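Here is a quick tour of a few spots worth a look. Have the viewer open as you read.

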Amino acid sequence: MKKIRKFVKSRKSGLIVIALIAVIVDVFFLTGQSDIKYFGVLTLYGFVYWITKFGSITTFLFCIFLLILLCIYYLLLGTVDATEKIAVWFVLFFAIGVIQKWRE
Amino acid sequence: MLHKKLLLFVILFLIIIPFFWIPFGSMDLGGDASRLYFYDPASYLYNFSLFHVVPQGIGHADPNFFSIPYLLLLVLLQLIIPDPYFIISIYSAVKLCAAFLAVYLILRELLNHVKKISETSSYIASIVTGLVYVFMSTMTDNWDKALLSHDQVFVNPLSFWLLLKFLLTSKSRYLVSFLLLSFVVSHSFSYTSTPAFFAFFPLAIIFIFCFALFIAKVKIPIKGLLGGIILFIGLQAFHLFPQAMNLFDSNSYINSRVFNTQSIDQEGIRYYISLLPIAKVSNYILLAFGRDRLIMFFVPLVILLGFIFNKVNKKLLIVTSVFYIVCLLLLSANVTQVWVEVYKSFFYIPGFSMFRNFIGQWLFVYSFFYSILFGLSLYSCLYVLKNKLRYSFALILIGLIIVSGWKLVAGGSVNKVLFNGTNTRVATSFSRDFIDTISFIKVLPTSGKILTLPLTDSFYQVVPSNDYKGVYIGPSVISYISGSKDFAGYQVLGPYGNEFLRLAKEKKYDELKKLLGILGIEYIYWNSDPFILDKNYEPFLYGFVGNSLPQSQADYAEFLGKITGKKIWSKGYYHLYEVDDKYLTPHIYIPKSIQSVDEKKSDTPAGDWNGDRAFVVYVESQVCSELNGSCNAMGNNKTTLSFRRVNPTKYFVKVSNAKSPYILVMSDAYSSGWKLYRSDTAIKILGKLTKYGNGYASEFTPKNEFFPENLFETLFLSNIPEKKHIMVNGYANGWKIESSGSNDEQYFVLELVNQRIFYFSAVISGLSLIAVFIWIVLLYIRRKTIIRK
């Protein structure tokens, strides 16, 4: 467990970026909605947070990125599947951000 | 001072705009609720709200008492301001202003409990939040033909603020104000608003308690709260108790909706699944509902910035966020497949199927918590800005809000186009000819039902204005204003909708006339205006019935020639006919012939059309055998009957020459609440007499007495046993009555006993109201004493 902690702490930024890239890949390149994707990424993100206790500001900044993306997709394509996917990611990350804020 | 001027300006703005929504002198009527209470509140009150019978179609026993205080208020208002245009505009202004002010006050109150308070930021955030609540797209798209339940737009936040203030200050004046508000807008706390009530109040009350206990850390005034709950139930008793009785009546529609598992599966879960594809999470987050309306995206942006810059109200922001997320999950239902499945299982909780239209039901509570969360976040952002920047930021936001809500500001959300071809809108007025026709129908000599033509798919009647710029499309004006039960659409034809259309399509006019008799239809109203059919053949009105019924007024004229008797009224395009004498059937009668029907063999209980006489009644064969004998033996040719309607829930009946058992039929929808009492004493039945079928039955002038003489005369009488109360004609009430064996006259009182529950409950509500007034007087005296000291 200690090794895992050490590993996560040393590669905190990298792991967060992996989680966020996974979201972007899902939005841009994957079709269809799957709970495994959602909960897989959220578990990784939550785990990194649990170990490293990084600030909620990262999550809220990512939410702003998702919001801008959501607006662009909404404006260009309307309420297509990809737009809905971004919206769901937004809700899930917002919920995580609120939990982080509470724990701070 | 600037923020106070801004507040005043906003209030004035909200008061003025509803006066420009519809043209001067017109009315915003129609929709599922008809809104005819703005046109003629007294008639609406009398025909719809005071009695336990729905004044349309086959006359279901259903309590609609919930709007009595509100309608009484409108009646009083109409005495001062007779023009419905002003009443509608004033009411809209009250709704807008109260909604804005309540949200403004809530935010002010919540912000008073944050650690560091900036008055200017608090004022500005509260004003902007009030405007966001009023003008966010989730709140502006439902103002056209608004239902009574739409009052939640202001009732919800106002109730929230009053309860919050009561819990925080323990001052009784807030609780008393809430009680009075709940009484006046009791429709918002009734069966008709059950989903709206249960969507908002449980969450709101939990929030208020969380805030009071964990953030404001005040002591809860338990005694006052308990007293308030008792008085609240007392004040609402006049509609809650009759509704509760209806809920536990196994024959009632509401009972099957709440407790029947099959109904839950069919009407709850299937409806929920059918709505899932249109529940778009992106719409709710962006508050957009259309690519051209993305302006409100600043709301989630401000919320995120509020979390990032938050320095003063972290706890409050987190608590509100939790409520916001819960509301979003309930509203969108589409956040992950796991949630969809969990949501589905909720429908097995008794009563949860009221949320099957989850989009409509959770929208208001979602908008409310979204606004509050926005307000708190905006405060966090304003707190870190300099004063000048605060005002600039606020003005930009207000500008964006107004642009986003422009459809409501300009009246586009209210005065929508109903007929695209002729650009005919919601705002309408009734022509003199139509008003005179309604007045004529009000004084018809019998309580027979009316068939409205052209028939529509649902239950709507279509009445154009004189200048054809507006049209009324809503529940029958005949029903709600004149009080006569009217069949305006296919949906209200009871079990005979398909049969009616089949006979019309196959041009079997003689059988169609018999069907009118079975439904108790005595009159046919025809609006011959080509504008509502030839010029505007709208699929949403005639798409289904048009396959069987005429599609033009010329064809209707021919159709009417085949099924009507003499014309008794005509003015302009409005005509009233009697049905053919041969098949004219009174509201209460003793059938000359009884047909036993095997329901399995036909689409409807009246599917076997082998009766060739009027006064025929159809009884299911199984019911006949349960009555210990053949139904055919009960056909009665010599017995005569006369009756008088005291009100829609009570009739006096006199039967003569009953030498053999017979069935007494009353053509209102079957309900176990209808009881037939034998009266030992002769009942005087007075009024003008109308005879049917060579004197076999006759009706005396119908009345509508709310407080009839001997109100509770049947209270200690024993009724005809329930096992002899049967359903006849597939919908109506029938009683098998043993003969007296002589020529003696028999007297009966036919009564819907549910109406009694209302009278008793109304007394409880009246006493509770007196108690509230006494409380107000005591509060006033105590306040005066304190000031003097």
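What follows covers a strand, a helix residue and some salt bridges.

## A strand with no open side

Keep in mind that this is a predicted model. Start with strand β23 of chain B, which spans residues 746–752. How many of its residues are buried? The count is 7 of the 7, so the rest of the structure largely encloses β23(B). Look at the two faces in turn: B:Gln746, B:Phe748, B:Leu750 and B:Leu752 are buried on one side, and B:Tyr747, B:Val749 and B:Glu751 are buried on the other.

β23(B) also has strand partners. Strand β16 of chain B (residues 650–656) pairs with β23(B) in the antiparallel sense, over 6 bridges. To find the register here, look for B:Tyr651, which sits opposite B:Leu750 of β23(B). Strand β18 of chain B (residues 674–679) is likewise antiparallel to β23(B), and 6 bridges join the two. On that side, B:Tyr677 has B:Val749 of β23(B) as its bridge partner.

## A serine tucked into a helix

Next, go to helix α18 of chain B, residues 358–383, where you'll find B:Ser377. Is B:Ser377 buried or exposed? Its relative accessibility is 0%, so B:Ser377 counts as buried. Setting aside neighbours within four places in sequence, what does B:Ser377 touch? Its contacts are B:Val302, B:Ile303, B:Gly306 and B:Leu317.

## Salt bridges in a network

Over all chains, the count of salt bridges comes to 21. Four residues are worth picking out: B:Glu499, B:Arg502, B:Glu506 and B:Lys508 are linked in a salt-bridge network.

Within it, B:Glu499 and B:Arg502 meet through their side chains at 2.7 Å, N to O. These two are 3 residues apart in helix α23 of chain B (residues 497–505), so about one helical turn separates them. Their surroundings aren't alike: B:Glu499 is buried at 4% relative accessible area, whereas B:Arg502 is partly exposed at 29%. The side chains of B:Glu506 and B:Lys508 form a salt bridge too, at 3.2 Å, N to O. Both ends are partly exposed, with B:Glu506 at 41% and B:Lys508 at 36%.

## A bridge between loops

One more pair to check: B:Glu738 and B:Lys724 form a salt bridge, with the closest N and O atoms 3.0 Å apart. B:Glu738 is in the loop between β22 (732–737) and β23 of chain B, and B:Lys724 is in the loop between β20 (697–700) and β21 (725–728), so the pair ties together parts 14 residues apart in sequence. B:Glu738 itself is partly exposed, at 36% relative accessible area.

Notes: Residues numbered from 1 in each chain as written. Chains lettered and ligands numbered in written order. Predicted model: local features only at pLDDT ≥ 70, side-chain atom pairs only at ≥ 80, totals over all residues. Heavy atoms only, no water. Buried < 20%, exposed > 50% of the residue type's maximum accessible area, 1.4 Å probe, protein only. Helix = DSSP H or I, 4+ residues; strand = E, 2+ residues; numbered from the N terminus. Pairing = 2+ DSSP bridges. Contact = heavy atoms within 4.5 Å.
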